[in-house]
Protein chains: 2
Amino acid sequence: MHTRTCGELRAENVGEEVTLTGWVSRRRDHGGLIFCDLRDREGITQINFDPEHSDGDAFKIAETMRPEWPILVHGVVRDRGHDAVNPKLATGEIEVLVDHAQVLNRSKTPPFQIEDGIETAEDTRLRYRYLDLRRPEMAARLRLRSDFTFAIRSALHDRAFTEVETPALFKSTPEGARDFVVPSRLQPGNFYALPQSPQLLKQLLMVGGVERYYQVAKCFRDEDLRADRQPEFTQVDIEMSFVEQDDVMSQLEDVLSDAFARVGVEMPTPLRRISYWDAMDTYGSDKPDTRYGMELVDLTDVFASSAFKVFASAANTQGHVVKAINAKGAGTWPRAQIDKLAKVAATFGAKGLAWIAFREDGSMNSPIVKFFTDEEMDELRRRCDVEPGDLVMFAAGPRRESDEILGGMRSHMADALNVPREGHDFLWVVDFPLFHWDEDGQRYEAEHQPFTLPHLDELHLLDEDPLKMGSCTYDFVMDGFEAGGGGMRIHDAELQLKMLEFMGFTEERARAQFGFLMEALEFGAPPMGGFALGLDRVCMLLAGTDSIRDVMAFPKTSSGSDLMSAAPSKVSLAQLKEVGLRLE
Amino acid sequence: MHTRTCGELRAENVGEEVTLTGWVSRRRDHGGLIFCDLRDREGITQINFDPEHSDGDAFKIAETMRPEWPILVHGVVRDRGHDAVNPKLATGEIEVLVDHAQVLNRSKTPPFQIEDGIETAEDTRLRYRYLDLRRPEMAARLRLRSDFTFAIRSALHDRAFTEVETPALFKSTPEGARDFVVPSRLQPGNFYALPQSPQLLKQLLMVGGVERYYQVAKCFRDEDLRADRQPEFTQVDIEMSFVEQDDVMSQLEDVLSDAFARVGVEMPTPLRRISYWDAMDTYGSDKPDTRYGMELVDLTDVFASSAFKVFASAANTQGHVVKAINAKGAGTWPRAQIDKLAKVAATFGAKGLAWIAFREDGSMNSPIVKFFTDEEMDELRRRCDVEPGDLVMFAAGPRRESDEILGGMRSHMADALNVPREGHDFLWVVDFPLFHWDEDGQRYEAEHQPFTLPHLDELHLLDEDPLKMGSCTYDFVMDGFEAGGGGMRIHDAELQLKMLEFMGFTEERARAQFGFLMEALEFGAPPMGGFALGLDRVCMLLAGTDSIRDVMAFPKTSSGSDLMSAAPSKVSLAQLKEVGLRLE
């Protein structure tokens, strides 16, 4: 319908006859003329109705048209004149003098302004998502997601990866979260499950000789939705066979850096690799943001004979530590503000928070400093690189818990102090522990997945100290978020069964749930490994927003509702009866 | 792990040291040497174990290895010698003399041979799909699908279409077939539905200003599965706004011909357009294969005063016809074979089948010819271009039913006579009727979709003769299959409501089911139209197979089962209780 978009006309187009389509954005009457910002997905162009030039219908349209009416206009591009140039607009040098216009539809008054930076409640935006998406910033986010998705597909396709679609209606194979189930009508009383990930299917594809697989896969988890979770999400799922871990990781680095480059983001390779334990030790996190310091400092030996009993006791207990971080700048905070940090630390598992504020005037403010000797203080200052204005916070207790508390505080303080984090930060965290201990189930649980390949040289630890066992795993960390994760898989049927049994599966239950995988492994499964990239999260980081909902067209609320269509909703009893069910 | 694939070594690589990985395919002992075909996804390479050259382990491996063991071999490429060249193999000029080998895994004996052209029952192939996929022809089909999918994505991306992911968990909005429903745990007693297509969502995206949208979308229909149906299937979903029908169709032609070209298939544009009624009239089908003739011939006027009452009566009834097709070559069939055709015709709705076999010797065999005058026979011979060896078949009765019977017979005879159909055949069928009459529901139903734009100049027919109303629709026909379909959409809220009411929706029910769409249309919806390409079917046609199951990695049986994982299956009562359900 149009010959040009609303984003492309420049001074060099002056004199050109054009047809534009778009939505009426702003309308201004000025000295007998009517000006209007016409908006399409490419931008905004000022159009100008003049009773001298515009035909009668066009001017009548201009007088009656209201915001968000889609219209078509025909006219000539002209210079705005030096004074009227709008430097904020790409098309700001020109305007289109309309001679003919056509109303394509009318619009009710929208519930919020269609422009960037609105303060409308998110529920309203979701209720009228089709209007929210018209806002330039939302349109740009959808475009960015489309571009990045295409970029990573291209990077994979160029490297001879085969895209394979795996079924959405599959077998319930719990992987930690709850399945969404789908009742079958042809087999009443039986259910499909929506995949939590195509993990098993991609392993079967490796057994099937695909060798290099990818899929941009919709995944489903029926979890209680936290702020940044959605019941359905998308991952770029990748798997390779006849490979070793280094093959997979360097191939992934190639693919990712190519994909990021295609959207203008540089990811230098090879990526830094930090082991899980080093990451925990240094940053208190298995997904550290390394664009800033504030590293964890081990002070265990310093306080071995401290008068401060909490520290001394931790320092003298096997597996316990005394550690600290130094939040530069927070030492000037008023006492009341510092006191509130204990509550923050509690959300990371701390029972309290010991701290020392080093005031600008050289004095100290701290509930605990009175217990410390000069030697202890000197060593603390030295190791923590203390300057006036610093706030040092401590954790004392079991190593992992202490690391996690300080890791949480590190991230909190970086936000609170607005620590600059420019550009993007990419790294691998590798060698995750194979198991963790599940207190509720009183059993060992896979840290990554039950199919993850252990460090084969540590298999003897299975009987001795299973929590010390490492695994062939690698998480891709971007800007302090777990943006992806992967690992090598067990391709030996016996080892797979042994691992499942160790995790408390009876052979019978293992066969019932994963029998088809274990059977497949018996038919010449090759060595394999793979990866899944969290597409929503990566797009969120690329778009510079703080919610994955901003990079999804139609996200759900935390109760799993689509506010626009009012899903989920009731279905008829007849429909339930057909699938052999009734309401409780 | 490997330096080369099993498909790439040629005479010019002789002397090169290589490492290959793959599966043991065939093993032959010959004069103290052991030969083996090693297979990976790229091809087959002959490897050769020789006790003089191979290290001891390697030769021991060669002696014990069994089919489908994955192995790694290192060795040197050498000429096979003129006599031993295998011209059927791309690598047939060379072999690799192994010096070192490694067993990567063992394998049980597979239930069928891993090679092309096996006659194994499909159930067995599906049960062990991971083995079936190792067969070269299946691997090639998956690759073709991946390539074509990437081709059409590229064609769309290059034309500034934005890929948008729409939710899989959405509202139940019946579009003709049954929905799969998904119980909600966070809102017990409520259900999501899996989308039959993203139709409503893409229209909302147009209201949202996306302008050019695409998605390779998984769709779900809970239907009784016929041979070539699957509960989940994939469509390339496309929508555009601020467009007229010709804009959409020419853009689609560009996209499709670009995509086909990228996989080596020429689709000349502009495509031929046949109206729905012309297609029915000429080919008895709204998805005709025009690579061969056998067109329907109208003989209604010829038999207006025939002594054969069946024909005369049809010829004298308003809206009834007498039509025929000429199946060249079938006139020589024995009577018994011809008689069986009546049963075939019955599957297309015929109550019987009138026919004339023109024998090679100039005689005729027919149960009805005795009723015909010489003039009738002469005109029949002329219009049907009769030659010796022809079989003319008739249908007499209501126009559409007669066309459908002959259309079905045309297609059946083309198969039976092995009529050559070379290359691919692409065309548009346009201007479908807006409604058909639903006998069961006693109401008018949308032929395409309830959101399809009617021919606006025919709106007056709504009261006079609704079945005569045309719609702004276009089906993409490939090789006699409906490969895609599209249309312009209603963007006027009032017209949409009027159409839904005409199709028997109360305003209340329309608002309950489609209220969010109708509300969206009230906020300045632009003119829009779109398309959906049936990806499974197009890939099937490109692969030259006759079942979409052959181009899906893990298809389901006609009872909706996945034979490999035994889905669907039972879930625990606790799991049901959580979503507020119990078994009937």
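The following paragraphs describe the arrangement of the two chains, one helix of chain A and two annotated arginines in a predicted model.

In this predicted model, chain B can be superposed on chain A by a rotation of 180° accompanied by a shift of 0.0 Å along the axis, with an RMSD of 0.0 Å. The two copies are thus related as by a two-fold rotation axis. Both copies use the same surface for their contact, since 100% of the contact residues of chain B recur in chain A. Within chain A, the domain assignment distinguishes domain 1, which spans residues 11-103, from domain 2, which spans residues 292-416. The centres of domain 1 of chain A and domain 2 of chain A, taken over C-alpha atoms, are separated by 62 Å.

Helix α1 of chain A, formed by residues 56-64, contains the buried residues A:Ala58, A:Phe59, A:Ile61 and A:Ala62. When α1(A) is viewed down its axis, these buried residues fall within an arc of 155°, so they line one face of the helix. The face of α1(A) turned away from that buried side carries A:Gly56, A:Asp57 and A:Lys60, which are exposed. The cover over the buried residues of α1(A) includes four strands of chain A, namely β1 (17-30), β2 (33-40), β3 (43-49) and β5 (94-103).

An unreviewed UniProt entry places the feature "binding site" at A:Glu175, A:Arg221, A:His448 and A:Arg489. Of these positions, A:Arg221 and A:Arg489 are described here in turn. A:Arg221 is located in the loop that lies between β9 (212-220) and β10 (232-241) of chain A, and with a relative accessible area of 27% A:Arg221 is partly exposed. When neighbours within four places in sequence are left aside, A:Arg221 is in contact with A:Ala177, A:Arg178, A:Phe180, A:Gln196, A:Ser197, A:Pro231 and A:Phe233. For A:Gln196, the backbone oxygen lies 3.5 Å from a polar atom of the side chain of A:Arg221.

A:Arg489, by contrast, is placed in a strand, β21 of chain A, which comprises residues 481-489. The relative accessible area of A:Arg489 is 4%, and this residue is therefore buried, the cut-off for that class being under 20%. Again leaving aside neighbours within four places in sequence, the residues in contact with A:Arg489 include A:Gln199, A:Lys202, A:Gln203 and A:Glu239. Also in contact with A:Arg489 are A:Gln449, A:Phe451 and A:Leu453, together with A:Met528, A:Gly529, A:Gly530 and A:Phe531.

Key:
Residues numbered from 1 in each chain as written. Chains lettered and ligands numbered in written order. Predicted model: local features only at pLDDT ≥ 70, side-chain atom pairs only at ≥ 80, totals over all residues. Heavy atoms only, no water. Buried < 20%, exposed > 50% of the residue type's maximum accessible area, 1.4 Å probe, protein only. Helix = DSSP H or I, 4+ residues; strand = E, 2+ residues; numbered from the N terminus. Arc of directions from axis to C-beta. Contact = heavy atoms within 4.5 Å. Least-squares fit on C-alpha atoms with pLDDT ≥ 70 in both. UniProt positions renumbered as here; feature names shortened; annotations may be inferred. Polar contact = N/O pair within 3.5 Å; in protein donor to acceptor, adjacent residues only side chain to side chain. Domains from an automatic or database assignment.
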